[in-house]
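Please study the sequence and the three-dimensional structure shown below, and then work through the exercises. Each task is followed by a solution that proceeds step by step.

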Amino acid sequence: MSLSGHGLTPRLKPLSARKSAILSVLDIGTSKVVCIVAELKPADEIESLRSRTHVARILGIGHQRSVGLKGGVIVDLEAAESAIRQAVHAAERMAKVEIQSVIVNLTGGRLGSEHFDAQIPVRGAVGPSDVHRVLDAASNHDMRRGRAVLHALPTGFSLDRQNHIVDPAGMIGERLGVDLHVVTSEAAAARNLMLAVERCHLGVEAVIATPYASGLSALVDDEADMGCAVVDMGGGTTSVGIFANGHLVHSDAIAVGGHHVTMDIARGLTTRVSAAERLKTLYGSAISSSADDRDMIAVPQVDEDERDVPNHLPKSHLVRIIKPRVEEVLELVRDRLKNAGFAAQAGRRVILTGGASQLVGLPETARRILQGQVRVGRPLGIKGLPEAAKGPAFSAVVGLLVYPQVAHIEYFEPRSSGFFQGTGTDGYISRVGRWIRDSF
């Protein structure tokens, strides 16, 4: 099945560099649902963020504990819908606007990358039609069934024997080539995510891969140019995006995240999940210290009368539970990068982001296992973010605000058949939602 006839998620109209816009974005994660309404205004070039054409100012934000998702995939449609509604309503009240449509992210659904290339003959100077023809040729490849296309990103052009051309328009040569990076997910995961949003009477403007969004938010341009790996450590999944020469060149995801650490603690210390989450947040660490055996922590134990009976244990018990799981996740990331052949392109630079990256000692453990320079990435270049939303846990949702500024680099053949017609922005549910809004 060719890319042009494949299941495409809705495409976002590129944002004009000279116009302001109000955007709504929705981060549907395993641990939290966040909705942000922001105003994007044209801005002068920022030295470290040259690819951004606008500066975002937050108008409203809604935050809700996520239910109905497991491993980044919807497993209970009604519960997920309820969480989305509450987050959206909170953002609407704060921003004093009615949200009509949103840009959403997708972490689950077995994110993966496909790489295609093509060459065509050209005569004289390369024109826009030649660029379109070579992109069309690159997209005309067979893909696995049951996959939905999230992104189609040209990562570089070639002209005769000259590679790494950013824009071949106007240049002279005989053979024009292109490398196309296509990010895909399971079609069912994308369909159900869109369905949950549209059951809230909201249109879906675009579906963005979480590692791409996190990279757009947390990376400065020089890091993306030199090569780096963005590791977004969420509640139910850990997703990876490799950036090189300013482009996303590889994406992957592992269905293990911070919630698995919490469950290990709850089982290992025989306590409630909420208590395990609190212990992880307050006392958790991925590295041992000499004081762990002396420091005592109170672990609530539930007795037969359902009363919390505190049990005092050394902190070293907690660290011994957390450390193996964290090392397992980082080793899986390392092996995925090595097997995909992109470890060298990452340039030994790793940016950890996502809520689970805030665990004490995680950067040190990552340096040892991934053998590179490691830093924790936070959202960059956004005005009006509350203090609680300036941490790594909000990198993906802020990246959704950056995406419209770079959406013009993607390539998609116009879609004739509606693969997502039942749940897309022009589907039956959306039309019913618009009719309800207009009638009442």
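The exercises below concern a predicted model.

**Exercise 1. The chain as a whole**

Task: State how many helices and strands the chain has, and what share of its residues counts as buried.

Solution: The secondary structure comprises eleven helices and 20 strands. The chain has 440 residues, of which 55% are classed as buried. A further step concerns contacts between residues at least 6 apart in sequence: 71% of these join residues at least 24 apart.

**Exercise 2. The crossing of helix 1 and helix 3**

Task: Determine how the axes of helix 1 and helix 3 are oriented, and which residues form the contact.

Solution: Helix 1 spans residues 77–95 and helix 3 spans residues 187–198. Their axes come within 8 Å and cross at roughly 55°. Helix 1 is therefore oblique to helix 3, because an angle of 35 to 65 degrees is neither roughly parallel nor roughly perpendicular. The crossing of helix 1 past helix 3 is right-handed. On the side of helix 1, the contact involves Leu-77, Glu-81 and Ile-84; on the side of helix 3, Asn-192, Leu-195, Ala-196 and Val-197 take part. By class, the residues of this contact are five nonpolar, one polar and one charged.

**Exercise 3. The crossing of helix 8 and helix 9**

Task: Carry out the analysis for helix 8 and helix 9.

Solution: Helix 8 covers residues 315–340 and helix 9 covers residues 362–370. The two axes come within 10 Å, with a crossing angle of roughly 40°. The two helices are therefore oblique to each other. Helix 8 passes helix 9 in a right-handed manner. Helix 8 contributes Val-326, Glu-327, Leu-330, Glu-331, Val-333 and Arg-334 to the contact, while helix 9 contributes Leu-362, Thr-365, Ala-366, Arg-368, Ile-369 and Leu-370. These residues divide into seven nonpolar, one polar and four charged.

**Exercise 4. The surroundings of Ser-395**

Task: Decide whether Ser-395 is buried or exposed, and identify the residue whose side chain it joins in a polar contact.

Solution: Ser-395 belongs to helix 10, residues 395–406. Its relative accessible area is 0%, so Ser-395 is buried, since the cut-off for that class is under 20%. The side chain of Ser-395 makes a polar contact of 2.6 Å with that of Thr-353. Beyond its neighbours within four places in sequence, Ser-395 touches several residues, among them Ala-213, Ser-214, Ser-217 and Ala-218, as well as Gly-377, Arg-378 and Pro-379.

**Exercise 5. Two loop residues with positive phi**

Task: Locate Lys-96 and His-201, and classify the accessibility of Lys-96 and of His-201.

Solution: Most residues other than glycine have a negative phi. Lys-96, although not a glycine, has a positive phi of about 60°. Lys-96 sits in the loop between helix 1 and strand 7 (101–106), and its relative accessible area of 72% makes it exposed. His-201 likewise is not a glycine and has a positive phi of about 60°. His-201 occupies the loop between helix 3 and strand 12 (203–209). With a relative accessible area of 29%, His-201 is partly exposed.

**Exercise 6. Val-220 and Leu-49**

Task: Give the separation of Val-220 and Leu-49 along the chain and between their C-alpha atoms.

Solution: Val-220 lies in the loop between helix 4 (210–218) and helix 5 (221–226). Val-220 has 24% relative accessibility and so counts as partly exposed. Val-220 and Leu-49 are 171 residues apart along the chain, yet their C-alpha atoms are separated by 5.7 Å.

Note on methods: Residues numbered from 1 in each chain as written. Predicted model: local features only at pLDDT ≥ 70, side-chain atom pairs only at ≥ 80, totals over all residues. Heavy atoms only, no water. Helix = DSSP H or I, 4+ residues; strand = E, 2+ residues; numbered from the N terminus. Buried < 20%, exposed > 50% of the residue type's maximum accessible area, 1.4 Å probe, protein only. Polar contact = N/O pair within 3.5 Å; in protein donor to acceptor, adjacent residues only side chain to side chain. Contact = heavy atoms within 4.5 Å. Axes fitted to C-alpha atoms, helices over the stretch in contact; angles between N-to-C directions. Parallel < 35°, antiparallel > 145°, perpendicular 65-115°, else oblique. Left-handed = near helix turned anticlockwise from the far one by under 90°. Nonpolar A, V, L, I, M, F, W, Y, C, P; charged D, E, K, R; others polar.
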